[in-house]
Amino acid sequence: MTYVVTDACIRCKYTDCVEVCPVDCFYEGENMLVINPSECIDCGVCEPECPAEAILPDTEPGLEKWLEINTKYSAEWPNITERKDPPADADEMKDEEGKFEKFFSEEPGEGD
């Protein structure tokens with residue numbers, strides 16, 4: 001098992017999860033984070049830290065797509081280990097529907 005970041009993170013990109021991760025397995029895209037499933041130790045400390053509830057265990061049904069996305073982009077995007085301020089409109093975007101189709105970006109973030 002591993003944890004994955006889902007589309008609820010897109011355009012919210014709260015980084016509270018990054019700060020508590022004991023193995024630094026988060027990677028930063030332009031407008032979301034992903035978890036490297038090979039590095040995640042399944043401790044679960046990140047899940048309750050996410051205000052957008054975007055982090056879920058990959059054992060939940062229907063998350064195969066998100067496991068693939070997390071795997072792919074954690075190999076391409078830079079590592080992030082420190083908390084950053086979220087985007088100014090993060091709270092407004094938290095309940096937006098269809099964020100992957102509307103807003104997902106393959107571009108990397110800044111990382112640390």
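## Charges

In what follows, Lys and Arg count as positive and Asp and Glu as negative, while His and the chain ends are left out. With that in hand, let us meet this predicted model. The chain carries 9 positive and 29 negative charges, and the mean positions of the two sets are 5 Å apart.

## Overall fold

Four helices and four strands make up the chain's regular elements. Their order along the sequence is β-α-β-β-β-α-α-α. The radius of gyration is 12 Å, close to the 13 Å that the globule rule gives for 112 residues, so the chain is as compact as a globular protein of that length. Along the principal axes, a box of roughly 30 × 30 × 25 Å holds the C-alpha atoms.

Of the 112 residues, 45% count as buried. The accessible surface comes to about 5,800 Å², and carbon and sulfur atoms account for 45% of that area. Looking at contacts between residues at least 6 apart in sequence, 76% join residues at least 24 apart.

## Aromatic rings

How many aromatic pairs does a search of the whole structure find? The search turns up five. One pair to look at is Trp66 and Phe100: their ring centres are 5.5 Å apart and their planes stand at 85°, so this pair is edge-to-face. Trp66 belongs to helix α2 (residues 64-74) and Phe100 to helix α4 (residues 99-103), so the pair ties together parts that are 34 residues apart in sequence.

Is Trp66 buried or exposed? Trp66 is buried, at 7% relative accessible area, whereas Phe100 is partly exposed at 21%. Ring pairs also link Trp66 and Phe100 with Tyr73, Trp77 and Phe104 in a cluster.

Conventions: Residues numbered from 1 in each chain as written. Predicted model: local features only at pLDDT ≥ 70, side-chain atom pairs only at ≥ 80, totals over all residues. Heavy atoms only, no water. Helix = DSSP H or I, 4+ residues; strand = E, 2+ residues; numbered from the N terminus. Rg over C-alpha atoms; globule rule 2.2 N^0.38 Å. Buried < 20%, exposed > 50% of the residue type's maximum accessible area, 1.4 Å probe, protein only. Contact = heavy atoms within 4.5 Å. Areas by Shrake-Rupley, 256 points an atom, 1.4 Å probe, with all protein chains shown as cover. Charge placed at Lys NZ, Arg CZ, Asp CG, Glu CD. Phe/Tyr/Trp six-rings, centres within 6.5 Å; stacked < 30°, edge-to-face > 60°.
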